[in-house]
Amino acid sequence: MPGGSVYSGLVTDPDLSGLAEAAELAHTAHRVVVLTGAGMSAESGVPTFREAQTGLWERYSPEQLATEDAWFADPDLVWSWYQWRARLVRSCSPNAGHQAIAAWQRVLGNPGAGSLVISTQNVDDLHERAGADVLAHLHGSLFDYRCADCGTPADHDPGSMGGKESGPAGPSAPAAGSEADLEQLLRLSPPQCTACGTGRLRPGIVWFGEMLPEQALEDTYSALEDCDLAVVVGTSALVQPAASLPYVALGAGAAVVEVNPEVTEFSTAATVHVAGTAASVLPALARSVLG
Ligand code: BV8
């Protein structure tokens with residue numbers, strides 16, 4: 001499933017109810033926090049966790065593979081799956097929603113205008129590639145690596161085939177992020193740590209059952225306690241502690257806009273739920289700020 005929208009048909013007729021109220025809140029907000037989940041990248045072609053998958057992706061469920069147990073049981077499979085996801089993300093591009101948030105952040109970054117910070121559950125780099133600064137990657141990044149034994153951070157290029165430089169992507173090479181790409185990756189082992197010489201590299205990802213990076217969580221809490229608007233985009237609000245974060249903003253007296261084509265566990269608590277997609281709603285909110 002290489003880049004390009006996998007979302008044709010998901011929201012064929014967004015009613016966008018709540019958009020006018022959300023746009024007014026965006027227009028008057030000065031300290032904004034944007035919390036994003038997998039739905040933020042869906043229109044870029046990055047599958048979400050709950051989207052029913054076909055093909056190989058269907059066989060590899062995030063809940064099963066995104067765990068330390070899976071890593072110890074089969075490091076090659078877990079390593080390959082993350083390499084494949086990193087290559088898939090690299091074959092995708094930021095969507096209009098990522099671009100809109102980046103533009104909104106630039107405007108509020110003008111002296112005296114305020115601030116817009118992004119805290120994401122996503123492990124992709126699409127916010128950054130849209131030109132935005134990201135305050136926190138609550139669940140890590142597909143492009144960070146460390147030794148599973150000594151913890152030393154390490155550089156690794158997902159484009160290389162497990163430490164061996166992959167040949168030029170000739171006509172026979174499968175498209176990055178395709179099923180054939182995953183098939184060929186499944187034979188890879190995680191590279192050895194060059195610091196301790198014994199450990200293997202693991203993805204810099206927060207697996208289920210692992211603590212979130214303390215600083216990332218702390219910075220997000222502080223921003224939410226100080227904001228006047230939080231915008232929650234593309235999350236099913238099921239995974240803790242990220243799912244509790246929007247309530248911090250509500251508790252601090254901020255308005256909270258939820259952007260999601262579906263209703264979630266959080267929708268009834270939101271100040272406004274806009275039933276639409278990231279790439280359709282966020283440009284409208286940004287336009288209310290950019291004028
Ligand atoms: C923790 C990286 C303390 C991995 C992720 C038992 C043992 C241990 C812990 C637990 C336990 N039971 C519960 C827990 C807590 C657990 C948890 O919450 N589990 C859930 C399943 C109940 N949490 C943890 O383990 C966390 N750590 O608690 O540590 C601890 C430690 C030990 C013991 C106890 C406690 C760590 C959680 C982080 C896991 N890592 N990601 C990887 O990527 O491989 S989580 C991962 O799943 C994502 O990062 C994201 O957070 C989550 C998926 O959720 P979403 O982002 O919301 O995506 P989803 O697909 O669900 O929804 C997409 C939404 O977008 C939908 O609503 C859809 O409608 C919408 N949408 C679709 N298209 C669009 C759209 N919206 C807008 N536009 C569109 N176009």
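1. Helices here are DSSP runs of H or I with at least four residues, and strands are DSSP runs of E with at least two, both numbered from the N terminus. Counted in that way, the protein chain has twelve helices and nine strands. The model is a predicted one, in which local features need pLDDT of at least 70 and side-chain atom pairs count only at pLDDT 80 or more, whereas totals for chains, interfaces and linings use all residues. Residues are numbered from 1 along each chain as its sequence is written, and side-chain values use heavy atoms, with hydrogens and water left out.

2. On the chain as a whole, buried residues, meaning those under 20% relative accessible area (exposed is over 50%, partly exposed in between, with a 1.4 Å probe and protein chains only), make up 52% of the 291 residues. Taking contact to mean heavy atoms within 4.5 Å, residues 24 or more positions apart account for 74% of the contacts with a separation of 6 or more.

3. Helix α12 (278-290) packs against helix α7 (residues 96-108) at an angle of about 20°, with the two axes 7 Å apart. Axes are lines fitted to C-alpha atoms, for helices over the stretch in contact, and angles run from 0 to 180 degrees between N-to-C directions. The angle makes α7 roughly parallel to α12, given that angles under 35 degrees count as roughly parallel, over 145 as roughly antiparallel, 65 to 115 as roughly perpendicular and the rest as oblique. The crossing of α7 and α12 is left-handed, a term used if the near helix is turned anticlockwise from the far one by less than a right angle, with right-handed used if clockwise. On the α7 side the contact includes I101 and W104, and on the α12 side L282 and P283 are among the residues met. The residues of this contact divide into 14 nonpolar, one polar and no charged, where Ala, Val, Leu, Ile, Met, Phe, Trp, Tyr, Cys and Pro count as nonpolar, Asp, Glu, Lys and Arg as charged, and the others, Gly among them, as polar.

4. Helix α1 (residues 19-28) also meets α12, and their axes come within 8 Å and cross at roughly 45°. The two helices are therefore oblique to each other, and their crossing is right-handed. L19, A22, A23, A26 and H27 in α1 are in contact with V281, A284, L285, S288 and V289 in α12, a set that divides into eight nonpolar, two polar and no charged residues.

5. Just ahead of that helix in the numbering, T277 belongs to the loop between β9 (272-274) and α12. T277 counts as buried at 10% relative accessibility, and its side chain is joined to that of E43 by a polar contact of 2.7 Å (a pair of N or O atoms within 3.5 Å; within protein, one must be able to donate a hydrogen and the other to accept it, and residues adjacent in sequence count only if both atoms are side-chain atoms).

6. T36, in strand β1 (residues 31-36), counts as buried at 1% relative accessibility. Leaving aside neighbours within four places in sequence, T36 is in contact with I101, S119, T120, Q121, N122, H127 and V233.

7. The loop between β7 (229-233) and α11 (245-251) holds P241, which is joined to Q240 by a cis peptide bond with omega of about -5°. A237 lies in that loop between β7 and α11 as well; although A237 is not a glycine, it has a positive phi of about 55°, and at 13% relative accessibility A237 counts as buried.
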